[in-house]
Amino acid sequence: MTIRVLLADDQALLRATFRILIDSDPGMTVVAEATDGQAAIDLTRAHEPDVVLMDIRMPGTDGLTATSDICSQPELTATRVLILTTFENDQNVAKALRAGASGFLGKDVSPDVLLTGIRTVAAGESLLSPTATRALITRFLATPDSGAPLAPPERLATLTEREREVMSMAAHGGSNADIATQLVVSPLTVRSHIQRAMTKLHARDRAQLVVIAYQSGLVQPPPRGDA
């Protein structure tokens, strides 16, 4: 199945470069281009792409606001947002994940990494680039944000003990292979636990599952001096 991508960036040259790169992959196609956040919202509603490649800083409505709007729309639950920006810092990582983004990459990534990233988020997995480290995620996800309501602990009541354990390990940055090794099970079993937890908690993808883990208190961020 062809992955349908929407580009949202105010720089025409970058959009043209991304379009050439994405359209050169036989498994992907660009369905539309947006020059600002509001256009990204409107075009996403119109085209319902699999992945929105979203810049953060754009005129008018910014990429984080657009991401939050897109991810809050019930009819767009199948659409994933991959943040692509030069402003890859602690606060932006946290804000992007809170807004509902499935991934985060710097604009200096190689073509292969970008295409792999698109495939990753299209498959429902989360994607964090090397500079968006585990320590930054654990430090900032639980920072109070008046614009984002916390997930109540009772949301976890439907999970089994093993599902909570796997969710906690995922929130600490463990991959399916890492978790499988620690629990002495197969990566497929870990994936099944993750999928069931996502279904029970109505999480769009693994990234949102991690956000819920911190906001519900299942996982606590380390003290400031420990990360």
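Helices (H or I, at least four residues) and strands (E, at least two) are DSSP runs, numbered from the N terminus. This is a predicted model, in which local features need pLDDT of at least 70, side-chain atom pairs count only at pLDDT 80 or more, and totals for chains, interfaces and linings use all residues. Residues are numbered from 1 along each chain as its sequence is written, and side-chain values use heavy atoms, with hydrogens and water left out.

**Salt bridges within helices**

R45 and D42 both lie in helix 2. They are 3 residues apart, about one turn of the helix. An α-helix has 3.6 residues a turn, so residues three or four places apart point the same way. R45 forms a salt bridge with D42. The term means a side-chain nitrogen of Lys or Arg within 4 Å of a carboxyl oxygen of Asp or Glu. The structure holds 11 salt bridges.

Helix 1 (residues 12-23) holds R19 and D23, which are 4 residues apart, about one helical turn. These two also form a salt bridge. In helix 7, R162 and E165 are 3 residues apart, again about one turn. Their side chains meet in a salt bridge.

| Salt bridge | Closest N to O distance |
|---|---|
| R19 and D23 | 3.6 Å |
| R45 and D42 | 3.9 Å |
| R162 and E165 | 2.9 Å |

Accessibility is graded as buried (under 20% relative accessible area), exposed (over 50%) or partly exposed (in between), with a 1.4 Å probe and protein chains only. R19 is partly exposed at 28%, and D23 is partly exposed at 35%. R45 has 40% relative accessibility and counts as partly exposed. D42, at 39%, is partly exposed. In helix 7, R162 is partly exposed at 32%, and E165 is partly exposed at 34%. Salt bridges that share partners join R15, R19, D23 and E33 into one network.

**Helix 7 and S168**

Helix 7 spans residues 161-171 and includes S168. S168 is buried, because its relative accessible area is 17%. S168 touches L218 and V219, not counting residues up to four places away in sequence. Contact here means heavy atoms within 4.5 Å. The buried residues of helix 7 are E163, V166, M167, S168, M169, A170 and A171. G173 follows helix 7 and has a positive phi, near 100°.

**Nonpolar cores**

In soluble globular proteins, nonpolar side chains tend to be buried together. A nonpolar core is a set of buried Ala, Val, Leu, Ile, Met, Phe, Trp, Tyr and Cys residues joined through side-chain atoms within 4.5 Å. The largest has 24 residues. Of these, A8, M54, V81 and I83 touch the most other members. At least two residues of this core come from each of strand 1 (3-8), strand 2 (28-34), helix 2 (37-47), strand 3 (51-54), helix 3 (63-71), strand 4 (80-85), helix 4 (90-99) and helix 10 (206-215). Helix 3 gives the largest share, 4 residues.

Apart from this core lies another, of 22 residues. Among them are M167, M169, A171 and L201. M167, M169 and A171 are also listed among the buried residues of helix 7.

Which residues does I83 touch, not counting residues up to four places away in sequence? The list is M54, I56, L64, T67, A96, A101, G103, F104 and L105.
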